[in-house]
Amino acid sequence: MEILSEVGDPNVAVVYIGKTSKGNIVEFVESIPTYNPQEKWVLIVSSLNGCPVGCKMCDAGFFYKGRLTVDELMEQIEYPITRRWNGKPKTRKFKVQFARMGEPSFNMAVIEAMRLLGERYDNLHPSLSTIAPIGTNKFFEALLELKKEMFPTNFQLQFSIHSTNPEQRDEIIPVRKWDFERIAEYGKAFYDEGGKKITLNFALARENEADAEVIAEYFPKEYFLIKITPLNPTVSVLKNKLTNDVDLETGLPMKHRKFVDDLRRLGYDVIISVGDTRENLIGSNCGQYILRFLKERPELREAYTFARGFEFKVS
């Protein structure tokens with residue numbers, strides 16, 4: 001891995017832009033959500049070179065050049081490990097999220113990389129965020145088998161939902177994907193007693209529909225929890241005229257407060273994850289992608305501040 005540049009604060013988060021051994025340009029993130037890397041240390045890696053999906057809020061979907069190999073996946077993980085720890089990560093919770101650039105289920109090498117990581121690091125907590133596209137059954141069957149074998153209680157699986165209206169969800173995530181029945185069926189099979197519940201994620205825009213009764217109709221609270229995150233200030237959010245509904249000061253939804261109240265009344269675990277707003281300025285949050293900002297340089301006052309003086313050439 002050749003590091004072309006890095007952007008951020010090593011006490012909060014750093015975005016690395018690197019060229020892999022195969023010549024692909026990728027972004028990956030090192031994050032310290034508790035400000036104590038000995039307690040929790042998170043790496044967020046790219047699965048593809050670009051992404052063919054094009055979700056309305058995500059900056060990583062403006063090009064697609066193919067899958068990364070298992071070596072290219074591991075390079076994104078081993079570079080920051082060597083740099084910070086010079087050996088195995090001496091942290092209580094070492095989390096690797098396949099959630100930066102590219103839908104991970106389009107790449108079977110992700111399964112192989114997770115297996116290698118599990119064999120090397122006893123403190124590994126793997127995480128994968130997916131839209132569950134149609135045609136990826138082979139990936140999800142392998143993922144289920146791997147989870148049961150190696151990570152029965154410490155695997156975090158997250159499905160991107162964003163809207164409880166299927167038609168609106170199709171507009172936000174414009175590819176064919178599993179419906180709520182299929183996600184629920186798989187999630188229940190994925191869950192293990194004593195393990196992590198399956199996460200249903202809402203990057204909550206004011207424009208999105210969110211109905212707790214729809215969640216209750218499909219997703220039993222014994223297996224699923226709901227995670228609400230702000231709509232991060234990306235180039236795509238600006239272009240698509242979407243509006244964040246989570247107050248970054250109070251950590252509470254504004255228009256969708258009833259959605260949260262109803263979910264809790266129905267007995268669901270609800271996580272509202274605001275995080276450190278400096279990650280928006282760095283460009284390390286979900287949906288952000290520094291190379292797109294550098295290519296288009298839109299007026300975004302709440303994001304990518306650390307990258308504004310960056311002179312990296314974007315082809």
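Start by selecting I272, which sits in strand 12. Show its neighbours: leaving aside residues up to four places away in sequence, I272 touches I228, V246, G251, L252, P253, V260 and R264. Keep in mind as you click around that this is a predicted model. Now add E209 to the selection. These two residues are 63 apart along the chain, and their C-alpha atoms are separated by 17 Å.

**Out to the sheet**

Next, colour the strands. You're looking at an open sheet of 10 strands with mixed pairing, and the order across it is 1-2-3-4-7-8-9-10-11-12. Which strands stand at the edges? They are strand 1 (2-9) and strand 12 (270-272); each has a single partner strand, so one side of each is left without a neighbour in the sheet. Going from one strand to the next, the twist averages 20°.

Now bring in helix 8, residues 257-265. This helix packs on the sheet and touches strand 10, strand 11 (224-230) and strand 12. Its direction makes about 145° with that of strand 12. While you're there, pick R265, a residue of helix 8. R265 has a relative accessible area of 56%, and because the cut-off for exposed is over 50%, R265 counts as exposed. If you then select L73 too, you'll find the pair 192 residues apart in sequence and 41 Å apart in space, C-alpha to C-alpha.

**Strands 9 and 10, and the core**

Select residues 156-160 (strand 9) and 198-204 (strand 10): they pair in the parallel sense over 3 bridges. Look for F159, which stands opposite L200 in strand 10.

F159 also takes you to the largest nonpolar core, which has 63 residues. The members that touch the most others are I77, F94, L143, L157, F159, I215 and I228. Try L157 from that group. Not counting residues up to four places away in sequence, L157 is in touch with L128, T130, L143, Y186, F190, I198 and T199. There's another core, apart from the one with 63 residues; this one has 12 residues, including C51, A203, A205 and V237.

**The start of the chain**

Move to strand 1 and strand 2, which run antiparallel and are joined by 7 bridges. They make a hairpin with 3 residues between them. To see how they line up, select S5, which stands opposite I17 in strand 2.

Carry on to strand 3. Strand 2 pairs with strand 3 in the antiparallel sense, again over 7 bridges, and A13 stands opposite S31 in strand 3. This hairpin has 5 residues between its strands, and in the turn G23 shows a positive phi of about 90°. Is strand 2 largely enclosed or open? It is largely enclosed by the rest of the structure, because 6 of its 7 residues are buried.

**Helix 1**

Now select residues 70-85, helix 1. At 1.5 Å a residue, its 16 residues should span 22 Å, and the end C-alpha atoms are indeed 22 Å apart. Colour its buried residues: V70, E72, L73, M74, E75, Q76, I77, P80, I81 and W85. What covers them? The cover includes strand 2 (13-19), strand 3 (25-31), strand 4 (40-45), strand 6 (64-67), strand 7 (93-98) and helix 2 (109-120). Step just past the end of helix 1 and you reach N86, with a positive phi of about 50°.

**Two more positive phi values**

Jump to the loop between strand 3 and strand 4 and pick Y35. Phi of Y35 is near 65°, a positive value in a residue other than glycine. Y35 is partly exposed, at a relative accessible area of 47%.

Then go to A132, in the loop between strand 8 (124-130) and helix 3 (137-150). A132 isn't a glycine either, yet it has a positive phi of about 55°. At 0% relative accessibility, A132 counts as buried.

**Last stop: the cysteines**

How many disulfides does the structure hold? The count is 0. Zoom in on C55 to look at one case. Its closest cysteine sulfur is in C58, 6.2 Å away; a disulfide needs the sulfur atoms within 2.5 Å, so this pair is too far for a bond. C58 is likewise in no disulfide, with the sulfur of C55 as its nearest cysteine sulfur. As for its surroundings, C55 counts as buried, at 16% relative accessibility.

Definitions and conventions: Residues are numbered from 1 along each chain as its sequence is written. This is a predicted model: local features need pLDDT of at least 70, side-chain atom pairs count only at pLDDT 80 or more; totals for chains, interfaces and linings use all residues. Side-chain values use heavy atoms; hydrogens and water are left out. Two strands pair if DSSP finds at least two bridges between them. Helices (H or I, at least four residues) and strands (E, at least two) are DSSP runs, numbered from the N terminus. Axes are lines fitted to C-alpha atoms, for helices over the stretch in contact, and angles run from 0 to 180 degrees between N-to-C directions. Contact means heavy atoms within 4.5 Å. A nonpolar core is a set of buried Ala, Val, Leu, Ile, Met, Phe, Trp, Tyr and Cys residues joined through side-chain atoms within 4.5 Å. Buried means under 20% relative accessible area, exposed over 50%, partly exposed in between (1.4 Å probe, protein chains only). The expected span of a helix is 1.5 Å times one less than its number of residues.
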